[in-house]
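Colleague: Could you walk me through a few features of this model, giving the general idea and then the case at hand?
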Amino acid sequence: MAKGLLVTYALWAVGGPAGLHHLYLGRDSHALLWMLTLGGGGVGWLWEFWKLPSFVAQANRTQGQRQSSGGRTPPPSLIRFVAQMIVGIYFGLVALISLSFMANFYIVGLPLAVGLGVLLVAAVGNQTSDFKNTLGAAFLTSPIFYGRPIAILPISLAASITAQKHRRYKASVGSESLSVRLYRLGLAYLAFTGPLAYSVFCNTAATLSYVAETLGSFLSWFSFFPLVGRLTESVLLLPYRIWRLLVGDPGFSSSYFQEWEKLYEFVSSFQDEKRQLAYQVLNLSEGATDEEIHGRYRELVKIWHPDHNRHRTEEAQRHFLEIQAAYEVLSQPRKLRGS
């Protein structure tokens, strides 16, 4: 049955951030992506206003036309590559918040979450990518940055490059009933939101700590790239500035920025507590120089290395991990520690 452009625009206007128009057009991967990201943070949903006619035309192609494109490789797309990177990072951050308590999380859970995010974007529209190669690149990259939240970046980059390299058109398949499609989308949605909801409602205190630690690590990435940090700040403030230009509501500034300030203070206080604890673990006073931190780290590592304490392996391993974590916190750039 042919899809109508007016119906598509109506669904886009009513439930666009939830992907209703993509569900109507049979673009289930795109619908799931919009469900999990609320229309790409609203930006992707607005940008689609000019793309809907091409989406409708693609949905109305005949079976024979779709089969004729199966032997060719889709052209490379910078937008798709960037979207794969962003969604991969987003999936990784959500996994850090909701699943980082699991054993072997950085070996299994994190690369799996990032790889699935990249594959979801790769499957948008009439394209897809190789499942095994993309996940393989994510799993091979993960051990290099084991135990570090910054691992999300290289994992997403490696998976996105691999997905672009193995991009292809989707093979033609028979139509499925709406109930089957909704069932599959529902399972995928629950698989993404279920662990996060469980963590929030059943382990609230730990979840707040995970959120603060994850946000703190995310903000620390920008200490290496000040220009990227300023650009990100401008992008995050863009919706507020547009709202002010259109509405000019002074109450918006006071109420919403107070909430943002509370979140920022919470993350900052959490990071400060981590630094204070790190100084205690290394037995250093606050404000120690980088040379003092590095020297004390090397000294304590030699003392508490498990290979040198076989008569008390468990105690040595616990101290060794604490020393490693403390050094990682204090070895961040001076600009970040002083902010």
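Colleague: In which hand does α7 pass α10, right-handed or left-handed?

Modeller: Happy to help, and please keep in mind that this is a predicted model. In general, two packed helices are described by the angle between their axes and by the distance between those axes. Here α7 passes α10 in a right-handed crossing. The axes of α7 and α10, the latter made of residues 152–165, come within 9 Å and cross at roughly 140°.

Colleague: How should I class that pair, and why are α7 and α10 called oblique to each other?

Modeller: Roughly antiparallel needs an angle over 145 degrees. The crossing is at roughly 140°, and α7 and α10 are therefore oblique to each other.

Colleague: Staying with α7, which residues make the nonpolar surface patch?

Modeller: L78, V82 and I86 make the patch, with an area of about 300 Å². I86 lies in α7, which spans residues 78–99. I86 counts as exposed because its relative accessibility is 53%, and the cut-off for exposed is over 50%.

Colleague: Now the charges. How many salt bridges does the count come to?

Modeller: The count comes to four salt bridges. One of them joins R181 and D28, with the closest N and O atoms 2.7 Å apart. That pair links distant parts of the chain: R181 sits in helix α11 (residues 178–202) and D28 in helix α3, 153 residues apart. Both R181 and D28 are buried.

Colleague: What other side chain meets D28 in a salt bridge?

Modeller: R184 does, at 3.6 Å from N to O. R184 is also in helix α11, 156 residues from D28 in the chain. The two ends of this bridge read as follows: R184 is partly exposed because its relative accessible area is 40%, while D28 is buried, at 14%.

Colleague: And where in the chain are R318 and E322?

Modeller: They are four residues apart in helix α16 (residues 313–330), so about one helical turn separates R318 and E322. Their salt bridge has its closest N and O atoms 3.7 Å apart. R318 is partly exposed at 45% relative accessibility, and E322 is partly exposed at 34%. Elsewhere, salt bridges that share partners join D28, R181 and R184 into one network.

Colleague: One backbone item to finish: what is the phi of L38?

Modeller: Phi of L38 is near 55°, a positive value in a residue other than glycine. L38 lies in helix α3, residues 28–41, and is exposed at 60% relative accessibility. N283 also has a positive phi, near 55°, and is found in the loop between α14 and α15.

Methods. Residues are numbered from 1 along each chain as its sequence is written. This is a predicted model: local features need pLDDT of at least 70, side-chain atom pairs count only at pLDDT 80 or more; totals for chains, interfaces and linings use all residues. Side-chain values use heavy atoms; hydrogens and water are left out. Patches are made of residues with over 30% relative accessible area and no salt bridge: like charges are joined within 9 Å, nonpolar side chains (Val, Leu, Ile, Met, Phe, Trp, Tyr) within 5 Å. Accessible areas come from the Shrake-Rupley method with a 1.4 Å probe; for residues, only the protein chains shown count as cover. A salt bridge is a side-chain nitrogen of Lys or Arg within 4 Å of a carboxyl oxygen of Asp or Glu. Helices (H or I, at least four residues) and strands (E, at least two) are DSSP runs, numbered from the N terminus. Buried means under 20% relative accessible area, exposed over 50%, partly exposed in between (1.4 Å probe, protein chains only). Axes are lines fitted to C-alpha atoms, for helices over the stretch in contact, and angles run from 0 to 180 degrees between N-to-C directions. Angles under 35 degrees count as roughly parallel, over 145 as roughly antiparallel, 65 to 115 as roughly perpendicular and the rest as oblique. A crossing is left-handed if the near helix is turned anticlockwise from the far one by less than a right angle, and right-handed if clockwise.
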